[in-house]
Amino acid sequence: MGFCLSACKILWRTKYCVLPVLSLLVLAWIATFPGETVRSVLVSSATTQTLVKGDGLGDKLHSTTGARDDLNNPPQKVDCPKVSPLLQGAKNLSFDSSLTLNDVVTENEKVREGEYEPPDCAARQSVAILIPFRKRERHLVYFLHHLHPFLQRQQLHYAIYVINQAGNVTFNRAKLLNVGYLEALKDYSWDCFILHDVDLIPENDHNLYVCEDQPKHLMLARNSSRYKLMSPGNFGGVTALTREQFFQVNGFSNSYWGWGCEDDELYVRVKLQKMTIVRPPEDVARYTMLFHTRDKGNEINEDRGKLLRQTPQIWRKDGLNSCSYKTLSIDRLPLYVNVTVDIGKP
Ligand code: UDP
Ligand code: MN
């Protein structure tokens with residue numbers, strides 16, 4: 001009884017502390033609940049709905065990604081061999097005047113929109129072939145007829161881009177090739193670019209259309225000059241530069257309107273970067289040149305010598321970084337991508 005009395009007295013004296021202490025005890029008890037439970041008690045029903053929706057989307061995304069993974073990563077192909085077993089060496093080329101573009105399409109069923117990949121192995125390089133072009137339709141038929149099988153025998157992943165200058169103002173081969181580089185990179189991150197005249201047909205498939213650690217000149221001799229070797233300073237006709245090499249030299253100058261010296265200018269750009277030029281063996285780097293006279297609208301550029309002397313001063317500001325043009329159409333035809341472009345005028 002005495003104990004009860006003193007306990008009551010103590011409680012009466014500490015009555016103002018009891019309530020806060022009790023509340024603290026209750027809060028501590030709630031805090032020991034698992035976090036998820038507390039949160040589920042606190043979130044509103046709206047938020048809960050959103051969370052559920054989100055989860056569903058997440059599931060869908062997950063399953064789509066899964067499916068896409070399967071598509072993007074079909075069973076891993078092994079690398080193609082260093083030397084393709086399909087190469088045939090030197091060939092006698094023929095040019096049948098009755099051959100049509102449709103015939104060439106039929107011959108090349110495995111090419112899709114100008115692009116091809118070897119079916120059984122992973123190509124060692126992805127290569128964009130860029131062709132400056134205007135009104136050379138017959139040459140293009142022969143080019144496609146020979147080049148598609150040639151590139152396939154080399155087991156490359158490649159695509160052919162024809163950069164077609166719209167209108168009749170003076171032709172500008174160099175600027176068209178700059179456009180080709182910029183446009184092709186919108187499709188795929190090509191490793192290597194082959195800058196290729198439409199009228200040059202390689203005669204030997206050991207002339208590999210791949211890039212090296214230095215820019216490469218592929219056309220060393222042609223039938224029209226009785227296979228006399230080009231001078232070491234020549235860098236025209238067919239050249240191969242990696243994506244990085246072409247970028248490093250700022251591409252071609254855009255200022256060479258008409259015939260001449262734009263290829264020599266690229267050579268100077270390469271040299272200014274302290275790059276060297278590599279070449280295939282002489283007996284391999286041979287071409288047949290399809291006959292033509294000088295095209296209307298591609299007359300000799302009288303300023304070419306003067307322009308060439310200015311290269312060290314202008315290469316940084318005249319090139320890929322200043323190439324302005326208007327793409328009029330991009331037609332993904334069976335055997336090539338046809339980019340028709342307005343490149344302005346001199
Ligand atoms: N070209 C073209 N249409 C023209 C002029 C030139 O398609 O009206 C292209 C074509 O690819 C050609 C290249 O530019 O092979 C180089 O021009 P050309 O053949 O006249 O130069 P050359 O034979 O003197 O090297
Ligand atoms: Mn030519």
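Is Glu113 buried, partly exposed or exposed? I looked this up first, in what is a predicted model. The relative accessibility of Glu113 is 44%, so I put the residue down as partly exposed. I found Glu113 in the loop between helix 5 and strand 1 (115-116). Its phi is positive, about 50°, and Glu113 is not a glycine. I noted this because most residues other than glycine have a negative phi.

**Other positive phi values**

I then turned to Lys135, which is not a glycine and has a positive phi of about 50°. Lys135 sits in the loop between strand 2 (126-133) and helix 6. With a relative accessible area of 57%, Lys135 is exposed. I added Lys274, just after helix 9, where phi is positive at about 60°.

**Manganese ion**

Which residues coordinate the manganese ion (ligand 2)? I found Asp199 through OD and His292 through NE2, at 2.1 to 2.3 Å. The two come from distant parts of the chain, 93 residues apart. Asp199 is in the loop between strand 4 (192-196) and strand 5 (200-202), and His292 is in the loop between strand 9 (286-289) and helix 10 (304-309). I checked burial for both. Asp199 has 5% relative accessibility and so counts as buried. His292, at 25%, counts as partly exposed because the cut-off for buried is under 20%.

**Ligand 1**

I listed the surroundings of ligand 1 next. There are 14 residues around ligand 1, and Pro132, Arg134, Val198, Asp199 and Trp259 come nearest. Asp199 is thus on this list and also among the residues that coordinate the manganese ion. For polar contacts I wrote down three distances. A backbone N or O atom of Arg134 is 2.7 Å from a nitrogen atom of ligand 1. A backbone N or O atom of Val198 is 3.0 Å from an oxygen atom of ligand 1. His292 contributes a polar side-chain atom, 3.1 Å from an oxygen atom of ligand 1. I also looked at Trp259 and found Arg294 over the face of its ring, 4.4 Å from the ring centre.

**Gln165**

What does the side chain of Gln165 reach? I found the backbone oxygen of Thr170 at 2.9 Å and the backbone nitrogen of Asn172 at 3.0 Å. Gln165 belongs to strand 3 (residues 157-165). Its relative accessibility is 2%, so Gln165 counts as buried. Not counting residues up to four places away in sequence, its contacts include Phe133, Arg134, Leu176, Val341 and Ile343. I also took the C-alpha distance from Gln165 to Pro132: 7.8 Å, for residues 33 apart along the chain.

**Aromatic pairs**

How many aromatic pairs does the structure hold? I have nine. I looked at Phe95 and Tyr142: the ring centres are 5.2 Å apart and the planes are at 80°, so this pair is edge-to-face. Phe95 is in the loop between helix 4 (45-72) and helix 5 (101-107), while Tyr142 is in helix 6 (residues 137-153), 47 residues apart. Phe95 is partly exposed at 28% relative accessibility, whereas Tyr142 is buried at 8%.

Next I took Tyr161 and Trp190. Their ring centres are 6.4 Å apart with planes at 80°, so I entered this pair as edge-to-face too. Tyr161 is in strand 3 and Trp190 in the loop between helix 7 and strand 4, so the pair ties together parts 29 residues apart in sequence. Both residues of this pair, Tyr161 and Trp190, are buried.

I noted one aromatic cluster made of Tyr181, Phe193, Phe246 and Phe252. Back at Tyr142, I found Arg138 over the face of the ring, 4.9 Å from its centre.

**Helix 9 and Asn250**

Which residues of helix 9 (residues 262-272) are buried? I listed Glu262, Asp263, Glu265, Leu266, Tyr267, Arg269 and Val270. What covers them includes helix 7 (173-187), strand 4, strand 8 (238-242), helix 8 (243-248), helix 10 and helix 11 (311-314).

I followed Arg269 to Asn250, since the two are in contact. Asn250 lies in the loop between helix 8 and helix 9 and, at 7% relative accessibility, counts as buried. Leaving aside neighbours within four places in sequence, the other contacts of Asn250 are Trp315, Arg316, Lys317, Asp318, Gly319, Leu320 and Asn321.

Notes:
Residues are numbered from 1 along each chain as its sequence is written. Chains are lettered from A and ligands numbered from 1 in the order in which they are written. This is a predicted model: local features need pLDDT of at least 70, side-chain atom pairs count only at pLDDT 80 or more; totals for chains, interfaces and linings use all residues. Side-chain values use heavy atoms; hydrogens and water are left out. Helices (H or I, at least four residues) and strands (E, at least two) are DSSP runs, numbered from the N terminus. Buried means under 20% relative accessible area, exposed over 50%, partly exposed in between (1.4 Å probe, protein chains only). Contact means heavy atoms within 4.5 Å. A polar contact is a pair of N or O atoms within 3.5 Å; within protein, one must be able to donate a hydrogen and the other to accept it, and residues adjacent in sequence count only if both atoms are side-chain atoms. Donors are N, O and S atoms within 2.8 Å of the metal (3.2 Å for Na, K and Ca); water is not among the atoms, so sites may look incomplete. Rings of Phe, Tyr and Trp (its six-membered ring) pair if their centres lie within 6.5 Å; planes under 30 degrees apart count as stacked, over 60 as edge-to-face and the rest as tilted. A charge sits over a ring if NZ of Lys or CZ of Arg is within 6 Å of the ring centre and within 35 degrees of the ring normal. A residue is near a molecule or strand if one of its heavy atoms lies within 4 Å of it.
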